[in-house]
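Here is a walk through one protein model, loop by loop and strand by strand. Keep the viewer open while you read.

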Amino acid sequence: MKKIVRFVIVISIISTPLFAQNFSKLYDNAVKSVVTIQTDDYEIRNGNITKTGGIGSGTLIDTIGHVLTASHVVHTANSITVKFQNGKEVKAQIVSSIPSMDVALLKLEYIPKDIVPAKVGNSADAKIGEQIFIIGAPLGFEYSFSTGHISGKVNKSILARGQLIDFIQTDAAINKGNSGGPMFNDKGEVIGIVSFIISQSGGFEGIGFAVAITPAKKMLFETSSLWTGFEGYFLDERLASILNTPQESGLLVQRVTDNSIASKMGIKGGYLKFNYLGNEILLGGDIILSVLGTSCDSPHNFNSIKTQVNNLQKGQSVNMKILRKGKVMDLISKI
């Protein structure tokens, strides 16, 4: 019995440092791709325009300069700065933001030297009970490490751009500032994008969620149309009346993606953050009244518009009627 006890004690002493050493090496490799995201916003408070800022996390996933993060970190940002662990700071632009899935794709102006993109895994292969780790900026503490397990896999049964949304549940510590940061498996591969927690106290209580990386990448990289060139908010009759639109509804432009058809047409996005019936929207941008002669009176019209645009051939033109600063204007551009 004494020998057995000694043997168990020896195993316990040896296994702990080996475990710590393995994750230390994984962290050293993975952290090079992790970024802290700092944003500047403008919002209306008590009738005044106030400049605000936010912080989140993200990860570089390729040598082109694409960074994955959570939509709620950057969706209303007027300016975005990405910071690497080596201290290098780079400006970034939004390529695509999908609030319904809480994922966003950024593009860096350039990639600093000696920066290594993360390896992206297949989230479909992740199993409940497997160990994972998260790197981010919880409460502003940049490049912090937390570890835990996959507690479950959750399907919200919501379709966004035709893709089902999958979440990975974890007990790894997640706090404000972790949002958008990568969830890694025990091979050092990104399998999720940190999204939200469920808490009664406001702090972490052991239930956190990350958007599964595989459907997120499919959404951000494999779906493309005119509607990925800007983000819009459909105006109900009440808000359309407040904004003095010449028709009962329209599409309030939130943000325009650089080098998209919308950008080439000169469409302007919003810049003033405003809470409307619990929805955070941006005011100040163009209001799209019609596309290719089809009025934006109803969300049902957008499917028709999308089909029309997708059927256009290269060299043909897209025309839009918009409201800008109280004046109705016609915009036209070739695709």
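N244 is found in the loop between α4 (237–242) and β15. Helices here are DSSP runs of H or I with at least four residues, strands are runs of E with at least two, and both are numbered from the N terminus. This is a predicted model, where local features need pLDDT of at least 70 and side-chain atom pairs count only at pLDDT 80 or more, while totals for chains, interfaces and linings use all residues. Residues are numbered from 1 along each chain as its sequence is written, and side-chain values use heavy atoms, with hydrogens and water left out.

N244 has a positive phi, near 55°, without being a glycine. Y143 is another non-glycine residue with a positive phi, near 60°. The two are set out below, with buried meaning under 20% relative accessible area, exposed over 50%, and partly exposed in between (1.4 Å probe, protein chains only).

| Residue | Loop | Phi | Relative accessible area |
|---|---|---|---|
| N244 | between α4 (237–242) and β15 | near 55° | 64%, exposed |
| Y143 | between β8 (131–136) and β9 (144–160) | near 60° | 10%, buried |

Now for strand β18 (residues 287–291). How many of its residues are buried? Five of its five are, so DSSP strand β18 is mostly covered by the under 20% cut-off. Strands count as paired if DSSP finds at least two bridges between them. On that basis β18 pairs in the antiparallel sense with β15 (residues 251–256) over two bridges, and L252 has I287 as its bridge partner in β18. Strand β20 (residues 317–324) also runs antiparallel to β18, joined to it by four bridges; here K321 in β20 is the bridge partner of S290.

There is a third partner too: β19 (residues 294–295) pairs with β18 in the antiparallel sense over two bridges. S290 turns up again here, standing opposite S295 in β19. β18 and β19 form a hairpin with two residues between them, and L292 in that turn has a positive phi of about 55°.

Next, T69, which lies in strand β3 (residues 66–69). Is T69 buried or exposed? T69 is buried, with a relative accessible area of 0%. A polar atom of its side chain lies 2.7 Å from the backbone oxygen of S57. Contact means heavy atoms within 4.5 Å. Leaving aside neighbours within four places in sequence, the contacts of T69 include I37, S57, V74, D102 and S179.

Then there's the second largest pocket, with a volume of about 530 Å³. Of its 23 lining residues, H72, V73, V74, T76 and E280 are the closest to its centre. A pocket is an open set of points on a 1 Å grid over the protein atoms alone, where a 1.4 Å probe fits, with protein on both sides within 12 Å along at least five of seven lines; lining residues have an atom within 4 Å of a point. The volume is the space filled by probe spheres set on the points. β2 gives the most to the lining, with five residues.

Zooming out, the protein has six helices and 21 strands. Of its 335 residues, 47% count as buried. Among contacts with a separation of 6 or more, residues 24 or more positions apart account for 60%.

Key:
A polar contact is a pair of N or O atoms within 3.5 Å; within protein, one must be able to donate a hydrogen and the other to accept it, and residues adjacent in sequence count only if both atoms are side-chain atoms.
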